[in-house]
Amino acid sequence: MSSENAAGNEDAEPTVDRAQDRPVWDVVVVGAGPAGASAAYAAAVAGRKVLLLEKAELPRYKTCGGGIIGPSRDALPPGFDLPLRDRVHAVTFTLNGKLSRTRRSRTMLFGLVNRPEFDNALVESAVKAGAEVRTGVTVSRVEQHGPAVPDRRTVAVVLSGEDEPVLARAVVGADGSASRIGAHVGVKAEQVDLGLEAEIPVPDSVAEDWAGRVLVDWGPLPGSYGWVFPKGDTLTVGVIAARGDGAATKRYLDDFIGRLGLAGFEPRISSGHLTRCRADDSPLSRGRVLVCGDAAGLLEPWTREGISFALRSGRLAGEWAVRIAEAHDAVDARRQALNYAFAVKAGLGVEMGVGRRLLRIYARRPGLFHAALTGFRPAWNVFARFTRGATSLAEVVRVHPVARRALDAFDRREAEREGRETGEAERGADTADGSRDGVVGVAAGATPQKGARADRRSEDENGGRPGGESGDNGGESDGGTATRRSA
């Protein structure tokens, strides 16, 4: 896919480096996913000369459930026509395949899209705003100093297999979780997860049973969960868990598909993907280069939802890239980059902080979450409001004292537990026959604790059973009903 600037933006032609007659773009965006397309749109709609680079040909597949929650919808360009494949009004929750319970809503909770269609539509919006797109090009690196850079206001974007780099006044890196631009900036990941997914075509009889309903399964691995998202004649089935035991995650997916009765259907696509959440002190810029979306490690740590974070951070990156492009010296460029980082951290960063806290609780007590969402109406109402975009995780904690106190209490217990385990490990090392590495002592000191945690986890999950099996009379406050339904 390659497009020239829109007719309504004819003046948005790149300037020329007179020394070598090379065009200099105001903003170059690397990566044409939701983050990159949003950045390109934001910069182009401001009237700037924008080039969007993508290594694949569009449309292209992306490992992703394709759920469009309220914050994603609200961050779309004005007038954007969402290519929805289904509208979700019900969620079935299971706890590792057990205690199935379905919650329903009279109003739509969120929508489902196929990523190739959705991403391509976003790119077309950027093109209509005036951006130019080049596909089939791979960015190998960016340079802000050296012979390829004509002056201090310019960044050189080096393309594989091409002699001349692309020149820009500002660069936005939106090239995914394995981002080369992110490596240039120095992005650091605090949490890395492996997502596995299968796109499974199903007959009409099966598709009809899933229409308008998704499944969320709280998984057997710490912090894991699975999902089924219906999209017409295809079910998107996936699981996600912490990276480190890919074989266990693959077994979870196979077991999940098997107990859903879908093992007999041949997947059209089977894929995997690593998601990376940024550390709190991870940079978001370097010189005239910004990063956003997956390239910046911006996604919700508990659910690993990334589309809304990509759209919102991409829009911010595009807006501040315009300001950086206008900066006449390094001091001004740095000021604008810091403003971008502040905007990201003040909004998305706060949400990520709450998500991290929720993940820590969920990883230890998934049964608690299942019991709350299936047996406690206020918890379901919060979930529904969150998916619709009527609230955020950060707002829930800020507004609801009970939620805030519960998180604070758990954080204190976690700190105390970690302190006890650290002390026991140190004592075990001190008594390990004088061994220099103390491995035997640490293992001996840690083993009883692991067993105790496993016992407590089992008790927690069993303790969640009454909530999961309670009567189906806990609907939403707006009149939704909850009914039992087999997954």
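The largest cavity in this predicted model has a volume of about 50 Å³. A search of the whole structure turns up one cavity of 30 Å³ or more. Around it sits a chain with 14 helices and 21 strands, and buried residues account for 54% of its 487 residues. Here's a quick tour, starting from that cavity and moving out to the cores and a few helices.

**The cavity**

- The lining of the largest cavity takes in Ile-69, Pro-71, Glu-300, Thr-303, Glu-305, Ser-308, Phe-309, Arg-312, Glu-351, Phe-386 and Leu-393.
- Sorted by class, that lining comes out as five nonpolar, two polar and four charged residues.
- Helix α7 gives the most to the lining of the largest cavity, with three residues.
- Rolling a probe the size of a water molecule over the atoms is what shows where empty space is left.

**The nonpolar cores**

- As a bit of background, nonpolar side chains tend to be buried together in soluble globular proteins.
- The largest nonpolar core has 76 residues, and the members that touch the most others are Val-28, Phe-118, Val-157, Val-171 and Tyr-340.
- α7 turns up again here: this helix gives the most to the core, with 11 residues.
- Apart from this core lies another one, of 34 residues, with Val-354, Trp-380, Leu-407 and Phe-410 among them.
- Back in the largest core, Phe-118 is one of the residues touching the most other members. Leaving out residues up to four places away in sequence, Phe-118 touches Pro-34, Ile-68, Leu-76, Phe-80, Leu-82, Pro-83, Val-113, Ile-307 and Leu-311.

**Helix α1**

- Helix α1 covers residues 34-45, and its 12 residues reach 16 Å from first C-alpha to last, close to the 16 Å expected at 1.5 Å a residue.
- This helix is mostly covered, with 11 of its 12 residues buried.
- The buried residues of α1 include Pro-34, Gly-36, Ser-38 and Tyr-41, along with a good deal of alanine: Ala-35, Ala-37, Ala-39, Ala-40, Ala-42, Ala-43 and Ala-44.
- The cover over those buried residues includes β3 (22-30), β4 (50-54), α3 (115-129), β13 (166-173) and α7 (307-326).
- Just past the end of α1, Gly-47 takes a positive phi of about 90 degrees.

**Helix α10**

- The 12 residues of α10 (residues 377-388) should span 16 Å at 1.5 Å a residue, so the 17 Å between its end C-alpha atoms agrees.
- Buried in α10 are Ala-379, Trp-380, Asn-381, Phe-383, Ala-384, Phe-386, Thr-387 and Arg-388.
- Two of these show up elsewhere in the briefing: Trp-380 belongs to the 34-residue core, and Phe-386 lines the largest cavity.
- Elements covering the buried residues of α10 include α2 (70-74), β7 (90-95), β8 (98-104), β9 (110-113), α9 (366-375) and α11 (393-399).
- Gly-389, just after α10, has a positive phi of about 90 degrees.

**Leu-407 and long-range contacts**

- Leu-407 sits in helix α12 (residues 401-430).
- Leu-407 counts as buried because its relative accessibility is 5%, against a cut-off of under 20%.
- Neighbours within four places in sequence aside, Leu-407 is in contact with Val-354, Arg-357, Leu-358, Ile-361 and Val-397.
- Leu-358 is 49 residues away from Leu-407 along the chain, yet their C-alpha atoms are separated by 7.8 Å.
- Chain-wide, among contacts between residues at least 6 apart in sequence, 75% join residues at least 24 apart.

Definitions and conventions
Residues are numbered from 1 along each chain as its sequence is written. This is a predicted model: local features need pLDDT of at least 70, side-chain atom pairs count only at pLDDT 80 or more; totals for chains, interfaces and linings use all residues. Side-chain values use heavy atoms; hydrogens and water are left out. Helices (H or I, at least four residues) and strands (E, at least two) are DSSP runs, numbered from the N terminus. The expected span of a helix is 1.5 Å times one less than its number of residues. Buried means under 20% relative accessible area, exposed over 50%, partly exposed in between (1.4 Å probe, protein chains only). Contact means heavy atoms within 4.5 Å. A nonpolar core is a set of buried Ala, Val, Leu, Ile, Met, Phe, Trp, Tyr and Cys residues joined through side-chain atoms within 4.5 Å. On a 1 Å grid over the protein atoms alone, a cavity is a set of points where a 1.4 Å probe fits but cannot get out, and a pocket is an open set with protein on both sides within 12 Å along at least five of seven lines; lining residues have an atom within 4 Å of a point. Grid points are joined across faces, edges and corners, and a volume is the space filled by probe spheres set on the points. Ala, Val, Leu, Ile, Met, Phe, Trp, Tyr, Cys and Pro count as nonpolar, Asp, Glu, Lys and Arg as charged, and the others, Gly among them, as polar.
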